[in-house]
Amino acid sequence: MSGTTLGVRESPAPPVRIVHMGLGAFHRSHLAWYTAHASDAAEWGIAAYTGRSAGLADDLTAQDGLYTLIVRSPAGDEAERIGSIVRAHPGTDIPSFVNDVAAPTTGIVSLTITEAAYADEQASLDRTLLADSVGEALASVRPVTAIGRLVLGLEARRRADSGAIALVSCDNLPENGEVLRHAVRAVAAGVPGLVDWIDAHVSFVSSSVDRITPRLSGDEVAELAERYGDRAPVVTEPFSDWVIAGEFPAGRPQWEAAGVRFTDELEPWEARKLWLLNGAHTLLASLGRLHGHHTVSDAIADADCLRAVEAYWDEACRHLPPELGLREYRLALLDRFRNPRIRHLLAQIGLDADTKMRVRIVPVAERERSAGRSADACAKVVAAWLAIDGRGTDRSSVESTIADLSPVLGADAGFVEAVLASRRSVDDLTLR
Ligand code: CS2
């Protein structure tokens, strides 16, 4: 592919039937890749919207939506041109978004809007805004949150009588479809009749997504742009997994041809991924940085970090069904974390740390404590987070931060004590 310029499709662009919210690197290494590899890929195109910014949308538009996906293994790179994204828009292009969601040809809206966006405090503003806009032309309404924009699109779809649709969450939250249902219904509640329409026409699909895709630095993008003639390249790892539970009333791509697994029992897979992969990431983001490391591969090479990860995995695995192949998954994770050619910054993983702690570490700690065990490894994760965040070391502030993560753990004197004890040892790291 070297030396070629993007912008010319080898085959006609597929018709838009998927609308994506949260266009970024992960969407392009995951859902867009699976869609391009579905057996009926020619029938499923994506109109993708960024969170807000125009930069990536402009770059992709200049390339007719095409981009290069570079799969980076320790042995080398394999580059592939992906054509499933047909249009790219900035998230602020609300009129196009609303039209796309309302179109009868659209069957799916997928989301990678980050964990924190489902509990956006500004959602209540959007609820009022949407309630006040009843009867108005929707094109002039400007919700401020992603959920607000989605609800506006659904209201437009209802008015257009375009029928049922599936919403697919790809964010790292347990039961992400249910979390989305809750968030959407809360914002829709101000618009008369909309919640009933949603209940009858919208399927909330849950899914567990798994592919490490770090954000690239400016230098990395410049180097790849030069090599591939692509202004918006994506680098990802060889591993990829997607498990989905839910109905698609308006159809879906034949994703199983690309390796997607459909199940009625998502919860164990979701917990395996959230607790083991994401939980270890969250641990390394704090403990690794306390040790002075910047990337996952550097942190996992540190004996203290590796020990902490293994101890935390031992605690988590006591609460996962053994038939999920836990040993193999752990070994594969170590290889994935060690991939020296994937530069995954700990600081990137450390964003929104409290939301991540709640869904990755807290469930394991609560289960360990209620089984009568110390949860020392989880306590160390909490302690490292408190230290990297520069939180107070006195008992009452530690207690209240833990209570904010989990009322159960905050009221558990034994767990608070374990965190305080761990805190003393991790604080030594910062003093070195
Ligand atoms: C990471 C995830 O940034 C983070 O919090 O744990 O983005 C992780 O790389 C993905 O979930 C892998 O699928």
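This is a short walk through a predicted model, with stops at the ligand, a group of aromatic rings and two loop residues.

**Stop 1: the ligand and its shell**

Select the ligand and show the residues around it. There are 13 of them, and Arg-211, Lys-273, His-281, Lys-356 and Arg-360 come nearest. Colour this shell by residue class and you should find 4 nonpolar, 4 polar and 5 charged residues.

Now look for the polar contacts. Which atom of Asn-172 lies 2.9 Å from a ligand oxygen? Pick the side chain of Asn-172, because a pair of N or O atoms within 3.5 Å counts as a polar contact, and there a polar atom sits at that distance from an oxygen of the ligand. Move on to Arg-211, where a polar atom of the backbone is 2.8 Å from an oxygen atom of the ligand. Then select Lys-273: an N or O atom in its side chain is 2.6 Å from a ligand oxygen.

Switch on a surface next, if you like. On its own the ligand has 340 Å² of accessible area, and the protein covers 88% of that.

**Stop 2: what builds the shell**

Go to a cartoon view and highlight strand S8 (202-210), helix H10 (267-290) and helix H15 (353-360), the elements that each give two or more residues to the shell around the ligand. Helix H10 supplies the largest share, with 4 residues.

Where does the ligand lie with respect to domain 1 and domain 2? Colour residues 16-264 as domain 1 and 268-430 as domain 2: both give residues to the shell, so the ligand lies between them.

**Stop 3: Lys-356**

Stay with one of the nearest residues, Lys-356. You will find Lys-356 in helix H15. Is Lys-356 buried or exposed? Its relative accessible area is 10%, so Lys-356 is buried. For a distance check, pick the C-alpha atoms of Lys-356 and Glu-267: they are 17 Å apart, with the two positions 89 residues apart along the chain.

**Stop 4: the aromatic rings**

Leave the ligand and show the aromatic side chains. The structure holds 6 aromatic pairs. Start with Trp-33 and Tyr-34: the ring centres are 4.9 Å apart and the planes meet at 85°, so this pair is edge-to-face. Both Trp-33 and Tyr-34 are buried.

Keep Tyr-34 selected and add Trp-242. Here the centres are 5.4 Å apart and the planes are at 50°, so the pair is tilted. Tyr-34 belongs to helix H2 (residues 31-36) and Trp-242 to strand S10 (residues 241-245), so to speak two distant parts of the chain, 208 residues apart, linked by one pair. Trp-242 is buried, as is Tyr-34. To see the whole group, add Phe-248 and Trp-255: ring pairs link these two with Trp-33, Tyr-34 and Trp-242 into a cluster.

**Stop 5: two loop residues with positive phi**

Finish with the backbone. Most residues other than glycine have a negative phi. Select Asp-64, whose phi is positive, near 60°. Asp-64 lies in the loop between helix H3 (55-62) and strand S3 (67-73), and it is partly exposed, at a relative accessible area of 30%.

Then select Glu-175, where phi is again positive, near 50°. Look for Glu-175 in the loop that runs between strand S7 (165-169) and helix H7 (176-188). With a relative accessible area of 47%, Glu-175 is partly exposed.

Note on methods. Residues numbered from 1 in each chain as written. Predicted model: local features only at pLDDT ≥ 70, side-chain atom pairs only at ≥ 80, totals over all residues. Heavy atoms only, no water. Near = heavy atom within 4 Å. Polar contact = N/O pair within 3.5 Å; in protein donor to acceptor, adjacent residues only side chain to side chain. Areas by Shrake-Rupley, 256 points an atom, 1.4 Å probe, with all protein chains shown as cover. Nonpolar A, V, L, I, M, F, W, Y, C, P; charged D, E, K, R; others polar. Domains from an automatic or database assignment. Phe/Tyr/Trp six-rings, centres within 6.5 Å; stacked < 30°, edge-to-face > 60°. Buried < 20%, exposed > 50% of the residue type's maximum accessible area, 1.4 Å probe, protein only.
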